[in-house]
Amino acid sequence: MTYGEELKNKLFKKKVNGWFKISDELKQEIMEYNDKYMDFLNNSKTEREIVKSAVKMANEHGFKDINEVEHLNVGDKVYYVNKGKSMYLAVIGADKLENGLSIIGAHADSPRLDLKPNPLYEDQELVYFKTHYYGGLKKYQWTTIPLAIHGVIIKEDGEKIEVRIGEDDKDPIFTVTDLLPHLAKEQENLKLKEAIKGEDLNLLIGSMPFDEEIPERVKLNILNILNKKYGIIEEDLSRAELELVPAFKARTQGFDESMVAAYGQDDKVSVYTSLTALMELNNIKRTAVCIISDKEEVGSMGNTGMESHAFDTFVTFLLNKTGENKVNLLEKVFVNSKMLSADVDACIDPIYANVSDRLNAAYLGYGVALNKYTGSGGKYNASDANAEYLAEVRKIFDDSNVKYQISELGKVDVGGGGTIAYILANKGIDVIDCGVPILCMHSPYEVSSKYDVYSAYQAYKAFWNA
Ligand code: MN
Ligand code: MN
């Protein structure tokens, strides 16, 4: 080796693909972990289903509902379910809570189409559900793909009907139609953003008339079927939360089987990797807290979003039930706490590489990505982690051999984004964004690297064990 080569070796940053020269055992472990991840995704496509799956997983690992626990001791594991849509979990550490919590927070909601409150109509003897899209999505991607309906209908007497149709191979599916190319001359000249209108994202749900000469007989036939299946009338659809999600299953992608293609990896990948890491914790120093929040895709507002004070209530429960609470202690807990905001990152796509700064982009297969800051256009609205904290997190990952990369979302002034990070940073918590890089984010079928999924799980485990 020449002196120059030696010097280069010492001074230059090294970037190596995570799969490069890994052992067969590790590769096997990564594949098996991702098989379970894909099963989890197939069973939990909405925030309500995620919370259900998380409660099940927690119960199987000795966690208890905090409402049923009077006193908390070191090693105890508890959870709190907020309105069935968001959730907080904790494992009590040896340290006092006032020295701070180690928090990892993800979100369970993903872009989708929601049914309008008065959704049902018939036109030209076809019956539709009207929708209002949820979150930032490219509307054209949601036409002509199989969609499933998930959610709840509350009947007048309060009975809750759970709906999940389109997932079983024997179930019917539903689609939003699009124009044939033969007649789309005008449409194809429109801007991508305007070619499919929000008001046109209507779900085709029926075409067979009721056997009687009366108006709206196709709609009548559909309502009759719904009445027989769920015991509901049209009015009940206005007491409901019904979400349309892609009916496809999570699948392995590529001849080398290195990737996962699935709906809702933003941010269910962080939910799964943090939850599975949490389940394995024992004898930890600092109390570990896991957040599964809702409404991140629409600004984190409302009583199930991260802006809600329900999280403070949970931490207050922890303080009261460990017998540690005193006046104003909650604020002190927060300023001493540390957090990883577990959310997906954009990944450089060679076909659209012009939107990324190659030096600062995240790469598929290079491990979990740390974003020092988010925001857009001059770091506006950024939650910017302090260098001291970034160094602390990197040391934790380095000491545990976790593979990670440091990145930012896209080129300056090209766009931007945010996560729940700023909401917790505003409480005084040290927060940094840390998540899996994704291709085709917010599309019906997002792509991740199995290596990165596994490295997120390793990263979260290392953070809580530190
Ligand atoms: Mn997200
Ligand atoms: Mn998102």
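**A two-manganese site and its surroundings**

At 3% relative accessibility, Asp-266 counts as buried. That makes a handy place to start in this predicted model, since Asp-266 bridges the manganese ion (ligand 1) and the manganese ion (ligand 2), which lie 3.3 Å apart.

Take the manganese ion (ligand 1) to begin with. Its protein donors are His-107 through NE2, Asp-266 through OD, and Asp-343, which is listed with two OD atoms; they lie 2.1 to 2.5 Å from the metal. Along the sequence, these donor residues follow the spacing H-x158-D-x76-D. The site therefore ties together distant parts of the chain: His-107 sits in strand E4 (residues 101–107) and Asp-266 in helix H7, 159 residues apart. His-107 has a relative accessible area of 1%, so this residue is buried as well.

Now for the manganese ion (ligand 2). Here the coordinating atoms come from Asp-266 (OD), Glu-297 (OE, listed twice) and His-442 (NE2), at 2.1 to 2.6 Å. The donor spacing in this case reads D-x30-E-x144-H. Again the pair links distant parts of the chain, with Asp-266 in helix H7 (residues 265–279) and His-442 in the loop between strand E22 (437–439) and strand E23 (446–449), 176 residues apart. With a relative accessible area of 18%, His-442 falls under the 20% cut-off and so counts as buried.

The backbone at the bridging residue deserves a look too. The peptide bond running from Asp-266 to Asp-267 is cis, with omega near 10°, and Asp-267 has its place in helix H7. Two further backbone oddities turn up in loops. Lys-295 is not a glycine, yet its phi is positive, at about 65°; this residue is found in the loop between strand E14 (287–293) and helix H8 (310–321). Asn-381, also not a glycine, has a positive phi of about 60° and lies in the loop between strand E18 (375–376) and helix H10 (387–399). Asn-381 counts as exposed because its relative accessibility is 63%. As background, most residues other than glycine have a negative phi, and most peptide bonds are trans.

On to the packing. The largest nonpolar core holds 65 residues, and those with the most contacts inside it are Leu-89, Leu-278, Leu-340 and Phe-397. Helix H12 supplies the largest share of this core, 10 residues. Leaving aside residues up to four places away in sequence, Phe-397 touches Leu-340, Leu-370, Val-402, Tyr-404, Cys-434 and Ala-459. Apart from this core lies another one, of 33 residues, including Ile-149, Phe-174, Val-218 and Tyr-263. In soluble globular proteins, nonpolar side chains tend to be buried together.

Helix H12 (residues 450–465) also meets helix H2 (residues 24–43): their axes come within 9 Å and cross at roughly 85°. The two helices are therefore roughly perpendicular to each other. On the H2 side, the contact involves Leu-26, Glu-29, Ile-30, Met-31, Tyr-33, Asn-34, Tyr-37 and Met-38, while H12 brings in Lys-450, Tyr-451, Val-453, Tyr-454 and Tyr-457. Sorted by class, that contact comes to 10 nonpolar, 1 polar and 2 charged residues.

Definitions and conventions:
Residues are numbered from 1 along each chain as its sequence is written. Chains are lettered from A and ligands numbered from 1 in the order in which they are written. This is a predicted model: local features need pLDDT of at least 70, side-chain atom pairs count only at pLDDT 80 or more; totals for chains, interfaces and linings use all residues. Side-chain values use heavy atoms; hydrogens and water are left out. Axes are lines fitted to C-alpha atoms, for helices over the stretch in contact, and angles run from 0 to 180 degrees between N-to-C directions. Helices (H or I, at least four residues) and strands (E, at least two) are DSSP runs, numbered from the N terminus. Angles under 35 degrees count as roughly parallel, over 145 as roughly antiparallel, 65 to 115 as roughly perpendicular and the rest as oblique. Contact means heavy atoms within 4.5 Å. Ala, Val, Leu, Ile, Met, Phe, Trp, Tyr, Cys and Pro count as nonpolar, Asp, Glu, Lys and Arg as charged, and the others, Gly among them, as polar. Donors are N, O and S atoms within 2.8 Å of the metal (3.2 Å for Na, K and Ca); water is not among the atoms, so sites may look incomplete. Buried means under 20% relative accessible area, exposed over 50%, partly exposed in between (1.4 Å probe, protein chains only). A nonpolar core is a set of buried Ala, Val, Leu, Ile, Met, Phe, Trp, Tyr and Cys residues joined through side-chain atoms within 4.5 Å.
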